[in-house]
Structure formats: structure tokens, C-alpha cells
Amino acid sequence: MTCYLNGEFKPIEEACVSVLDRGFIFGDGVYEVIPVYSRHPFRLDEHLKRLQHSLDGARLANPYAAGQWHDLIHRLIDANPWSDQSVYLQLTRGVAKRDHAFPPGIPPTVFMMTNELVPPGEALKRTGVAAVTAVDNRWARCDLKATSLLPNVLLRQLAVDAGAVETVLLREGFLTEGAASNIFLVRAGAIVAPPKGHLMLPGITYDVVLELARENEIPCEIREISEFEVRTAEELWLTSSTREVLPITRLDGQPVGAGRPGPMFARMNAHYQAYKNLVMRAPKAS
Ligand code: PDD
């Protein structure tokens with residue numbers, strides 16, 4: 001696998017970062033995960049916009065203009081063997097003697113790698129997945145895609161320990177998101193999603209789902225969602241760049257709705273796949 005590190009493309013085995021890198025020492029960095037279908041990055045401008053938001057929140061300067069990011073990302077995609085990929089991009093505050101304060105005048109570390117992207121298969125979409133709930137005990141800037149992911153890692157492991165795939169997070173009795181995804185509900189024939197804010201990541205897939213709902217005249221509500229509403233939802237979905245839209249059919253061991261993926265999921269998944277196909281056929285942006 002060819003990766004990118006600080007201006008150079010090289011085999012991943014040859015890419016080295018100092019142990020003093022602030023990403024390693026403090027988790028002092030931000031990242032993005034960009035899905036790629038048939039070598040077309042999906043919603044690249046939106047991912048780069050969110051990267052800028054994370055960089056601003058972390059008070060890190062963006063070393064590249066949008067056009068340079070486009071060029072580097074396309075070169076990374078072309079240098080690797082898979083047609084569908086998930087590009088991982090990370091910037092840290094760079095290498096310096098350990099001190100919490102920002103070190104003056106050092107360049108950031110810029111790293112990108114890519115892996116084969118295998119979206120969830122039809123079998124999984126027919127059964128849905130299991131999730132558990134947990135109290136969202138993360139910080140109050142969950143809108144930043146920060147590399148310091150220990151809380152998310154611990155929360156996600158709760159799901160794995162229970163034989164489930166995701167942890168649905170509740171803060172003061174209200175839904176925020178998943179440990180590594182956004183969460184949607186279906187109630188009374190409408191899609192319901194929590195509003196963006198400091199307590200959840202503004203998901204790129206979240207935006208796509210809401211856009212597709214509006215374009216196809218599916219009713220949707222953006223509002224606070226109580227734990228009771230989560231537990232009594234007709235349908236529950238998780239969304240992310242790597243898992244697209246996936247139905248959650250068991251929550252804390254109880255069936256969600258009828259315990260099978262619902263009709264609204266089938267509708268949204270069809271719209272999502274059709275949209276993906278459009279993106280794949282589009283001429284490649286430079
Ligand atoms: N995670 N919320 C959290 C906490 C996430 O980590 C993610 C995605 C999302 C969904 O965002 P998007 O639709 O833009 O992928 C929401 C990525 C995939 C990850 O960390 O691997």
C-alpha cells in the first residue's frame with residue numbers, strides 16, 4: 001500500500017513518524033475518512049470543508065489549498081490497487097519536545113493512507129445489525145473530528161463486548177450519535193435525526209441522507225430525540241462513510257420495531273445506492 005507522508009508518496013512500511021509527534025504523545029490532531037467509489041472520491045469538497053472546521057477548532061493551520069488536497073488525494077487513489085477505497089487523512093501539530101503548550105513555528109505532520117472499502121453487503125442489510133446504548137461521556141466538542149478518540153474507542157468496545165456492532169450514545173437522556181456513526185430514527189412515517197451542534201460529528205453521510213429525503217419528499221424532522229423515542233422507534237439506522245446506511249434491528253437485546261429492516265430503510269438505501277452510482281459515473285474532477 002502506498003501512503004503519503006509530509007510531501008512524499010511511499011510504501012506504508014517505509015513511512016515513519018517521530019515518537020515525539022504530538023499526534024502520538026497527545027492525540028493532538030484531526031482526521032477525515034473519505035469513501036472512494038470506482039476511484040471517485042465521494043463528497044470530497046464536503047470532507048475538505050469539515051477538515052477545515054476541525055483544523056480551525058484545533059487551531060491548526062491548513063498546509064494545503066483545496067486544489068492541492070484534490071491533487072494529492074487523487075494521486076493516492078491512483079497509486080493503490082483498489083477501485084473502492086477509504087482514504088484516511090490525518091494532520092497533527094507536528095514533532096516537538098513534550099509540552100502541552102503549542103510549540104511555535106513547527107510544521108504539521110500530514111499523513112494519508114487508503115484501504116480497500118468493502119461496504120456492507122446485501123446479507124447484512126437484510127438482517128440489520130445489533131447495537132447497545134451507553135451514556136455519552138465524551139467532551140463537548142464532538143463536532144471536531146479529532147484523533148484523540150479514546151472515549152469513542154472505549155464506547156465502541158462496549159458494543160463489541162456485547163456481540164454488537166455499534167454503541168448508540170445518550171447524553172442527559174437525549175440521542176447524540178453512535179461511537180463512530182450518526183444515528184437516525186423512523187417514527188410515524190418520518191425520518192428523525194438530532195440537530196447538528198457541538199455534541200455530535202456533522203456527518204457527511206448524515207447530510208446525504210437528509211438531502212435524499214428532501215429530494216424524494218420523505219418527511220424528516222431535525223430535533224432533539226429522547227431515550228424513550230430511541231427505544232420505541234419503528235426503525236433505527238446508523239450512517240457513516242464506511243458503513244453507508246445500515247439498519248439497527250436490535251438495541252440492548254430488544255428488537256427495534258418489528259426486529260427487521262423496515263420499509264423506510266429499503267427506500268433510503270435504494271436512493272443512496274442510486275446516488276452513489278451517479279457519483280461513480282460522473283467525469284473525474286481534476
Ligand atoms: N467515523 N460520528 C462519529 C463519532 C464518527 O466517527 C463518524 C464517522 C460519523 C459519521 O460521519 P461520516 O458520515 O462523515 O463518515 C459520525 C469514521 C468513518 C471513522 O472514524 O472511521
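Started with the ligand shell: I found at least three residues from each of domain 1 (2–116) and domain 2 (122–277) in it; the domain bounds come from an automatic or database assignment.

Note to self: this is a predicted model, where local features need pLDDT of at least 70, side-chain atom pairs count only at pLDDT 80 or more, and totals for chains, interfaces and linings use all residues. Numbering runs from 1 along each chain as its sequence is written, and side-chain values use heavy atoms, with hydrogens and water left out.

Next I looked up who sits around the ligand (a heavy atom within 4 Å). There are 19 residues, and Tyr31, Arg50, Glu177, Thr205 and Ser241 come nearest.

Then I went through polar contacts (N or O pairs within 3.5 Å). A side-chain N or O of Glu177 is 2.6 Å from a ligand nitrogen. For Ser181 I get 3.4 Å, from a backbone N or O atom to a ligand nitrogen. Thr205 puts a polar side-chain atom 2.5 Å from a ligand oxygen.

Burial: alone, the ligand exposes 480 Å², and the protein buries 89% of that (Shrake-Rupley, 1.4 Å probe).

Methods:
A polar contact is a pair of N or O atoms within 3.5 Å; within protein, one must be able to donate a hydrogen and the other to accept it, and residues adjacent in sequence count only if both atoms are side-chain atoms.
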